[in-house]
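Q: I would like to learn how to read cysteine pairs and charged pairs in a protein model. Could you take me through an example?

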Amino acid sequence: MSMIMHRAQASSGQPAGKYPHYFIERPCRILVIGQQLKAKTKYHCLLRHISIGGAMLDFNAAIMLPKHFFLEIDGFKEEIGCAAVHRNGTELGVRFNMLLAQDFLRRLIRMQFSSGA
């Protein structure tokens, strides 16, 4: 699996930042937004790894997605705003619109660890 995913966009003249990523396999859903900001369509995918800046998903290559959508990870009620930055076959690299809170990432890692995966 490629590691092209979530380089933070930097101000002009500054290098893009990279964040430590964590390998996690967790079901999730992509929420495509329709008119009046209501969820139009939900697609199932698999979270492969994540950082505070973005994630790599395993997603059906035949389904076209808009550039911006929301990600919902199983076990969490948060909907994370995303932008697609890389797509190669079933690989979908996304950058989060805002950095994830460290607490959210810790809870996700702890949940993955406690599930025995």
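A: The turns below go through the cysteines and then the salt bridges of this predicted model.

Q: How many disulfides are found in the whole structure?

A: A disulfide is a covalent bond between the sulfur atoms of two cysteines. Here the search of the whole structure gives zero disulfides.

Q: Why is Cys-28 not bonded to Cys-45?

A: The cut-off for a disulfide is a sulfur pair within 2.5 Å. The closest cysteine sulfur to that of Cys-28 belongs to Cys-45 and lies 3.2 Å away, which is too far for a bond. Seen from the other side, Cys-45 is also in no disulfide, and its nearest cysteine sulfur is that of Cys-28.

Q: Is Cys-28 buried or exposed? And is Cys-45 buried or exposed?

A: A residue counts as buried when its relative accessible area is under 20%. Cys-28 has 1% relative accessibility, so Cys-28 is buried. Cys-45 has a relative accessible area of 9% and is buried as well.

Q: Now the charged residues. How many salt bridges does the structure hold?

A: Side chains of opposite charge can pair when their charged atoms come close. This structure has six salt bridges.

Q: Which residue meets Arg-48 in a salt bridge?

A: Glu-25 does, with an N to O distance of 2.6 Å. The two come from distant parts of the chain: Glu-25 is in strand S1 (residues 22–33), Arg-48 is in strand S2 (residues 39–50), and they are 23 residues apart.

Q: Which residues pair with Arg-29, starting with the one in strand S4?

A: In strand S4 (residues 68–73) the partner is Glu-72, 43 residues apart from Arg-29 in strand S1. Their side chains meet at 2.8 Å, N to O. Asp-74 also forms a salt bridge with Arg-29, and the closest N and O atoms of that pair are 2.4 Å apart. Asp-74 sits in the loop between S4 and strand S5 (79–88), 45 residues apart from Arg-29.

Q: Where do Arg-29, Glu-72 and Asp-74 stand on the scale from buried to exposed?

A: Arg-29 is buried at a relative accessible area of 16%, and Glu-72 is buried at 12% relative accessibility. Asp-74, with a relative accessible area of 24%, is partly exposed.

Q: Which residues are joined into one network by salt bridges that share partners?

A: Glu-25, Arg-48 and Asp-58 are joined in this way.

Terms used: Residues are numbered from 1 along each chain as its sequence is written. This is a predicted model: local features need pLDDT of at least 70, side-chain atom pairs count only at pLDDT 80 or more; totals for chains, interfaces and linings use all residues. Side-chain values use heavy atoms; hydrogens and water are left out. Buried means under 20% relative accessible area, exposed over 50%, partly exposed in between (1.4 Å probe, protein chains only). A salt bridge is a side-chain nitrogen of Lys or Arg within 4 Å of a carboxyl oxygen of Asp or Glu. Helices (H or I, at least four residues) and strands (E, at least two) are DSSP runs, numbered from the N terminus.
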